[in-house]
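Work through the exercises below with the model open. Try each task before reading its solution.

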Amino acid sequence: MTTNSPTPGQLLKEWRQRRRLSQLALATEADASQRHLSFVESGRATPSREMLLRLAEQLSVPLRERNRLLLAAGFAPAFGERGIDAPELGAVRGVIERLLASHAPYPALAVDRHWHLLLANRSLEALLDGIDAELLKPPVNVLRLTLHPRGLAPRIRNFREWRTHILERLARQAETTADPALESLGEELKGYPISAGARPHLASTSSRHGGIVVPLELAMPDGRVLSLLSTTTVFGTPLDVTLEELAIESFFPADAATQEALQQLAAASAG
């Protein structure tokens, strides 16, 4: 049995079209001739390793896919991939753990490219009270945990706005990375029912933050409602597939009441 694997030229063409660049535009940015690029895409010319990496750089191809491109051309991968627990990533893991710990009493977590939970600080635990135990079995998917009807969904006051935010962000990520697993996850999340009693979708200009950001409004078991703003941190110059695909999600209080509530939750947990 034989399989028809894509050629490096076909892969390059797919990424060029995904980035909406003409052959001329890409060739100019990569300091190559349009004629040579055309020959590479059609299979009439064999690209060098350096040329492939230069084109992939200009196309912002993810490191995982750059390795795939090199393998399709018969070259060895250029970028390593190690688990977060690998000894080689010990120093980096230490940095991540310190960053998460220093964010307390506010929640922070690290996720991989498919939104599986890798690491988290203790402040996150207080927000997960009452979630179905099945959803907390590893590997924990953070987006599934958030929108699933047996997850956080029933407690999210602005569920429709937060759901839209998550689905749009996931769609952008899938478009950027061409990862079919992210597309599949998006379809799964879209299939979850809207939480019973979810308030109507508010226009962005009607929110307390005037359309600037979408907060996560999370009801706690004691009746308090936390209003949280989120930020994402990624490594700026990764040369490892795992590090490029790792993201740190940090939550901050959007108001004084939330700040006080998180501080009290952290004190109670420590006690």
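**Exercise 1. Find which helix supplies the largest share of the lining of the largest pocket, and describe that lining.**

Solution. The largest share comes from H8, with five residues. This is a predicted model, in which local features need pLDDT of at least 70, side-chain atom pairs count only at pLDDT 80 or more, and totals for chains, interfaces and linings use all residues. Residues are numbered from 1 along each chain as its sequence is written, and side-chain values use heavy atoms, with hydrogens and water left out.

Step 1: fix the terms. Helices (H or I, at least four residues) and strands (E, at least two) are DSSP runs, numbered from the N terminus. A pocket is an open set of points on a 1 Å grid over the protein atoms alone, where a 1.4 Å probe fits, with protein on both sides within 12 Å along at least five of seven lines. Lining residues have an atom within 4 Å of a point.

Step 2: list the suppliers. Helix H5 (63-72), helix H8 (159-177), helix H9 (180-190) and strand S5 (247-253) each give at least two lining residues.

Step 3: look at the centre. The lining has 31 residues, and Gln173, Thr176, Thr177, Glu244 and Glu245 lie nearest the pocket centre.

Step 4: add the volume. It is about 720 Å³, taken as the space filled by probe spheres set on the points.

Step 5: sort by type. The lining divides into 13 nonpolar, five polar and 13 charged residues. Asp, Glu, Lys and Arg count as charged; Ala, Val, Leu, Ile, Met, Phe, Trp, Tyr, Cys and Pro as nonpolar; the others, Gly among them, as polar.

**Exercise 2. Which residues of H5 are buried, and what covers them?**

Solution. Step 1: apply the cut-offs. Buried means under 20% relative accessible area, exposed over 50%, partly exposed in between (1.4 Å probe, protein chains only).

Step 2: read off the helix. Leu63, Glu65, Arg66, Asn67, Leu69 and Leu70 are the buried residues of H5.

Step 3: find the cover. It includes H1, helix H4 (49-58), H8 and helix H10 (241-244).

Step 4: check what follows the helix. Gly74 comes after H5, and its phi is positive, near 90°.

**Exercise 3. Is Arg16 buried or exposed, and what does Arg16 touch?**

Solution. Step 1: locate Arg16 in helix H1 (residues 8-18).

Step 2: take its relative accessible area, 8%, so Arg16 is buried.

Step 3: list the contacts (heavy atoms within 4.5 Å). Leaving out residues up to four places away in sequence, Arg16 touches Leu21, Ser22, Gln23, Leu26, Glu41 and Leu59.

**Exercise 4. How many salt bridges are there, and which parts do Arg64–Glu81 and Asp179–Arg113 tie together?**

Solution. Step 1: apply the rule: a side-chain nitrogen of Lys or Arg within 4 Å of a carboxyl oxygen of Asp or Glu. The count comes to 17 salt bridges.

Step 2: take Arg64 and Glu81, whose side chains meet at 2.8 Å, N to O. Arg64 lies in H5 and Glu81 in the loop between H5 and helix H6 (90-102), so the pair ties together parts 17 residues apart in sequence. Arg64 is partly exposed at 22%, and Glu81 is partly exposed at 49%.

Step 3: take Asp179 and Arg113, with their closest N and O atoms 2.9 Å apart. Asp179 lies in the loop between H8 and H9, and Arg113 in the loop between strand S1 (108-111) and strand S2 (117-120), so the pair ties together parts 66 residues apart in sequence. Asp179 is buried at 10%, whereas Arg113 is partly exposed at 23%.

Step 4: take Arg224 and Asp222, which form a salt bridge at 2.8 Å, N to O.

Step 5: join the partners. Shared salt bridges link Arg64, Glu81, Arg113, Asp179 and Glu245 into one network.
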